[in-house]
Amino acid sequence: MSSGKKVLCVTANPCVDKVMWFQGDQERPSRTFRQLGGKGVNVARMMGWLGHTVVSLTFGGGRERLLADRDPCRTVLVPAAQGIREIPLRIYPDRGETRLEYHNTNRVSPEEAEAFLSAYRRELAAGPELVAISGSACAGAEGTIPVMVRLAKEQGLPVILDSYGQCFLDSLPEGPDYVKPNREELEQAVGTVPPGEEADAARALIARGAGCVLLTLGDQGAWCVTREEAIFQPVFLVPVVSAVGCGDTFTAYFAHGLLAGWPLGRCFATGSAAGAANAMRSISGRTRKNQVDQVLRRAGLTTIDTR
């Protein structure tokens, strides 16, 4: 593996993941697990395990601090008076079923949003080598994501943006180097995309300012599209437990490849394999390198440890 690099991961809409397993008794969980969550938090955790020096910037307070202290990164928590949402994931192994109870209730004040941007500026000044901005923004902080992309680009830093909705659209003119929509997020941006026209639709995002589009399509594979080329990655066939967090895992391992200096195609294949490895797990954002290597090896592809 390459030596670790300095990375700044941003989560402008965090949560606490509450994972519950139900064996037999469908009302009382047999096991419960909590972790600090949100897309960028997941990216930061896995990049820390990959050996990078990671700062994870998000909102939170005392409860979130206790959870963050378990992670292999330095977490900067900007206080939010309203508190951070908890998102339950119910897993029923006997039925092969998962149920995510998603809700988007985080809200911050204008002062808290500005404090978040101030913290971001301080971490940019510390000299990261890559910035990953993941997810949407808390209500009240929607304007922070385009500003964060712009500030990073003004410093000449590569930016990976995995967002959606208006935050995503407003950020495209700022020139993020890599954007990672899924089909639903792509169609939110460009309208309905007929089967077979995904790569052409991705180029519409490039026309709006994105450098490269990493389009993930679940069991239909993925596309890596630049101005010059379009690379298709067939799906890795694995037993799926939960699809939650697959995109975050993709981002972490794709970013690791960029920092290691790999060719774009290898970064893309490794990110796709990492997403598949995450799908085999019930807890999102905790996929380890050896699990990704197993998927790559079964597909006959270069593993992470190979220089």
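**Exercise 1. Work out whether the span of helix α3 agrees with the length expected from its number of residues.**

Solution. Helix α3 has 16 residues, and at 1.5 Å a residue these should span 22 Å. The expected span is taken as 1.5 Å times one less than the number of residues. In this structure, which is a predicted model, the end C-alpha atoms of α3 are 23 Å apart, which agrees with the expectation.

**Exercise 2. Determine how the buried residues of α3 are arranged around its axis, and what they pack against.**

Solution. The first step is to list the residues that have under 20% relative accessible area, the cut-off for buried; in α3 these are E112, A113, F116, L117, A119, Y120, E123 and L124. The second step is to look down the axis of α3, where the buried residues fall within an arc of 160 degrees, so they line one face of the helix. On the other side of α3, by contrast, P110, E111, R122 and A125 are exposed. The third step is to ask what lies against the buried residues, and here one finds the strands β1, β4, β5 and β8 together with helix α4, which comprises residues 144-154. Beyond the helix, α3 is followed by G127, whose phi is positive, near 85 degrees.

**Exercise 3. Describe the sheet, its edges, and the two helices that pack on it.**

Solution. The sheet is open and has nine strands with mixed pairing, in the order β5-β4-β1-β8-β9-β10-β11-β12-β13. Its edge strands are β5, residues 74-78, and β13, residues 230-233, each of which pairs on one side only. An example of parallel pairing is given by β1 (residues 6-11) and β4 (residues 53-59), which are joined over six bridges, and within this pair V7 stands opposite V54 of β4. Helix α3 (residues 110-125) packs on the sheet and touches β1, β4, β5 and β8, with its direction making about 170 degrees with that of β4. Helix α7 (residues 198-207) also packs on the sheet, touching β10, β11, β12 and β13, and its direction makes about 40 degrees with that of β12.

**Exercise 4. Characterise the pairing of β12 with β13 and the connection between them.**

Solution. The two strands pair in the antiparallel sense over four bridges, and C224 stands opposite I231 in β13. With four residues between them, β12 and β13 form a hairpin.

**Exercise 5. Decide whether S242 and S272 are buried or exposed, and identify their surroundings.**

Solution. S242 lies in the loop between β13 and α8, and its relative accessible area is 2%, so S242 is buried. Its side chain has a polar atom 3.2 Å from the backbone nitrogen of V244. When neighbours within four places in sequence are left aside, S242 is in contact with L89, T98, N278, A279 and R281. S272, for its part, is found in helix α9 (residues 264-279), and because its relative accessible area is 13%, S272 is likewise buried. With neighbours within four places in sequence again left aside, the contacts of S272 are A222, Q233, F236 and F250.

**Exercise 6. Establish on which side of helix α10 the buried residues lie, and what covers them.**

Solution. In α10, residues 289-298, the buried residues are V292, D293, V295 and L296. These cover an arc of only 160 degrees around the axis, which puts them on the same side of α10. R297 and R298 are exposed on the other side of α10. What covers the buried residues includes α8 and α9. The residue G300, which follows α10, has a positive phi, near 75 degrees.

**Exercise 7. Assign R63 to an accessibility class and place it in its environment.**

Solution. R63 lies in helix α2, which comprises residues 62-68, and its relative accessibility of 39% means that it counts as partly exposed. The side chain of R63 makes a polar contact with the side chain of E64, at 3.1 Å. Leaving aside neighbours within four places in sequence, R63 is in contact with V16, I84, R85 and E86. R63 and Q35 are 28 residues apart in sequence, whereas their C-alpha atoms are 10 Å apart in space.

Methods. Residues numbered from 1 in each chain as written. Predicted model: local features only at pLDDT ≥ 70, side-chain atom pairs only at ≥ 80, totals over all residues. Heavy atoms only, no water. Pairing = 2+ DSSP bridges. Contact = heavy atoms within 4.5 Å. Axes fitted to C-alpha atoms, helices over the stretch in contact; angles between N-to-C directions. Buried < 20%, exposed > 50% of the residue type's maximum accessible area, 1.4 Å probe, protein only. Polar contact = N/O pair within 3.5 Å; in protein donor to acceptor, adjacent residues only side chain to side chain. Arc of directions from axis to C-beta.
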